[in-house]
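Please open the model in your viewer and keep the selection tool at hand. The tour proceeds stop by stop.

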Amino acid sequence: MKKGRLGKQYTPYTYKMLIPYLILVLLTDVVIGYISYTLLIESRTEMAETNIRTALEQTKINMKYQMEEIQRMSDTLFTSISFQNALQMTGEPLDVMLKMRDEIVPQMKAPLLLFGNNIRLVLYSANEEMYEVSGDDMSTPLQRRDYYVLSARSIENSGWFHSLQSSKKDNAWVQIDSDRELNHISHFRKLISSTGYSSVIGYVRAIVRLEDLLGGFETFPIEEGISLRLIDAASGTTMYRRGYADERIREGSDLTIQEVIPGTSFVIETLVPHAYLNKDAGRMQRAIGTVCSISFLVMACIGLVVARLSGKKMKRIVMLVRSFQEGNFHKRIEFSGNDEFVHIADSFNVMARSIQDLIRNVYIQGIEKKQAELDALQSQINPHFLYNTLSTIGSLANLGETRKVTEMVKGLARFYRLTLNGGNVYVPLERELEQVETYLEIQRVKYADNFTVYMDIDPEIKQIRVMKLILQPFVENIFKHAWFGETIAIRITGQRVKDSIELKIIDNGIGMKPETLQRMRSARNHANGYGLKNVEDRIKLRYGNDFGIHIASIYGAGTTVRILLPIDRAEENET
């Protein structure tokens with residue numbers, strides 16, 4: 001239903017046909033889009049989960065294979081009689097070195113060449129006569145294939161060695177020494193003499209990177225939110241982490257897939273966020289939404305075209321109403337013929353003309369009221385000063401001060417000639433300053449040289465036109481309320497601040513208490529409030545609330561009055 005300006009409600013026939021049609025199209029698009037999106041999410045989730053499970057299974061197989069390879073290296077050294085004999089050989093240093101070169105080093109280097117990744121193979125010998133072979137610093141990340149022959153005494157006092165001894169772990173995969181910090185893992189086992197005494201003749205440690213054991217991570221992209229970690233189920237510790245697995249587990253909102261490494265207590269776990277599972281569905285959702293939106297818009301356009309063709313006259317009337325709502329009452333509408341649209345158009349045209357006349361009358365009345373208020377404020381300034389000056393002239397005449405009377409009368413005449421200014425509201429700033437100087441000359445007749453005035457006005461603003469009588473009332477207030485000693489100093493400054501004029505009247509008088517300043521701001525006349533409210537009202541009536549007066553005063557130190565006026569509007573030559 002629509003309601004016209006005349007109060008009559010109506011529903012156009014074309015809209016009755018268009019609205020159900022659009023609702024039907026919209027519902028059809030929503031149902032089709034929802035079904036497509038739901039099927040796509042299920043399909044994508046199932047496919048993504050299958051891919052992740054396949055990749056995790058491949059990672060498990062890869063890790064198991066490499067761990068078995070390293071186990072075979074360890075078994076080869078453990079069961080090699082020649083390796084054991086060479087490791088237990090004593091005697092001449094040269095013989096020991098040659099035995100080591102011919103038996104120990106070749107059997108340690110051979111498996112390194114066959115292993116597919118970087119590895120450190122470390123032999124800790126209990127034979128004190130065995131020469132040591134050092135490789136890269138073991139506290140640094142693994143970068144290449146390397147082997148070491150070290151003394152068993154170098155690890156006997158280490159914490160990790162005592163931990164292994166106390167837990168009786170042997171031929172096991174563990175993270176010892178700096179393995180955890182470097183994301184390494186070690187296979188550690190004892191070497192037992194085959195002579196029948198079952199004595200420990202050394203230890204073999206194979207160090208590999210966990211990333212190499214786990215293989216490539218192309219199917220576990222961290223940037224898309226997938227996390228991977230290797231867990232020791234026996235101890236519950238996380239041996240390796242890729243991504244933010246711990247935080248994601250606490251949230252508990254992701255798909256968790258686990259694979260156990262056969263023959264070990266290790267578990268590979270991956271966390272897959274639902275955003276990753278549905279990422280392709282999200283793109284398709286946007287595509288489906290776009291297609292449905294385009295379909296709806298096309299069908300809506302067809303319906304609108306039909307409605308426009310069947311209701312062209314009504315649309316013109318609606319456009320006219322909208323223009324009235326926007327405040328444009330100049331448009332008119334005309335129809336040919338003799339039907340209801342002609343009468344509606346005539347009524348609109350009459351209404352528009354009536355509103356225009358009403359606005360014009362209200363605007364003119366507002367301008368006249370504003371001018372009357374300004375004139376009333378203007379008229380409040382002059383009489384009080386005239387009364388005070390004439391009173392002073394009368395006192396001087398009674399005392400026989402003829403010369404001073406003459407000077408004050410001449411100054412008063414000049415002051416009011418400048419004040420009248422031919423009836424103009426605006427005067428050049430230079431003329432306003434001249435009026436202040438005239439007022440000060442009148443005061444010099446009364447106070448002689450007991451006050452000092454300093455003028456500091458930027459020459460480029462002297463010709464800019466400002467509202468008259470905005471400086472003199474504040475200078476007058478200084479003589480009436482700020483002067484408390486034998487002398488007083490007054491400083492008047494003026495400068496341009498961007499697109500405004502800033503005028504200041506500064507004195508070193510007694511200043512004002514906060515409550516006095518508050519009373520002065522609310523008072524409208526000279527007798528009660530120094531005339532501040534009067535001048536401020538005139539400025540705001542002319543220029544708006546962005547401009548006006550600001551007063552800063554310290555009791556016993558002086559007062560500063562700041563007047564801010566616009567340059568563009570101050571230059572209007574309004575009468």
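Two strands are said to pair if DSSP finds at least two bridges between them. The model on display is a predicted one.

**First stop: a hairpin.** Select residues 548-554, which are strand 17, and residues 558-566, which are strand 18; 7 bridges join these antiparallel strands. Within the pair, serine 553 stands opposite threonine 559 of strand 18. Strand 17 and strand 18 make a hairpin, with 3 residues between them. Now select glycine 556 in the turn: its phi is positive, at about 90 degrees. In general, strands of a sheet pair through backbone hydrogen bonds, either parallel or antiparallel.

**Second stop: an open sheet.** In what order do the 5 strands of the open sheet lie? The order is 4-3-7-6-5, and the pairing is mixed. Strand 4 (146-151) and strand 5 (172-174) are the edge strands, each of which pairs on one side only. On average, neighbouring strands of this sheet are turned by 20 degrees against each other, direction ignored.

Select strand 3 (residues 120-125) next; it runs parallel to strand 4, and 6 bridges join the two. Here valine 122 stands opposite tyrosine 148 in strand 4. Then add helix 5 (residues 159-167), which packs on the sheet and touches strand 3, strand 5, strand 6 (184-192) and strand 7 (200-209). The direction of helix 5 makes about 60 degrees with that of strand 6.

**Last stop: a surface patch.** Select Val31, Tyr34, Ile35 and Leu39, a nonpolar patch on the surface with about 430 Å² of accessible area together. Valine 31 belongs to helix 1 (residues 13-79). Why is valine 31 classed as partly exposed? Its relative accessible area is 46%, and partly exposed covers values between the 20% and 50% limits.

Definitions and conventions. Residues are numbered from 1 along each chain as its sequence is written. This is a predicted model: local features need pLDDT of at least 70, side-chain atom pairs count only at pLDDT 80 or more; totals for chains, interfaces and linings use all residues. Side-chain values use heavy atoms; hydrogens and water are left out. Patches are made of residues with over 30% relative accessible area and no salt bridge: like charges are joined within 9 Å, nonpolar side chains (Val, Leu, Ile, Met, Phe, Trp, Tyr) within 5 Å. Accessible areas come from the Shrake-Rupley method with a 1.4 Å probe; for residues, only the protein chains shown count as cover. A salt bridge is a side-chain nitrogen of Lys or Arg within 4 Å of a carboxyl oxygen of Asp or Glu. Helices (H or I, at least four residues) and strands (E, at least two) are DSSP runs, numbered from the N terminus. Buried means under 20% relative accessible area, exposed over 50%, partly exposed in between (1.4 Å probe, protein chains only). Axes are lines fitted to C-alpha atoms, for helices over the stretch in contact, and angles run from 0 to 180 degrees between N-to-C directions. Contact means heavy atoms within 4.5 Å.
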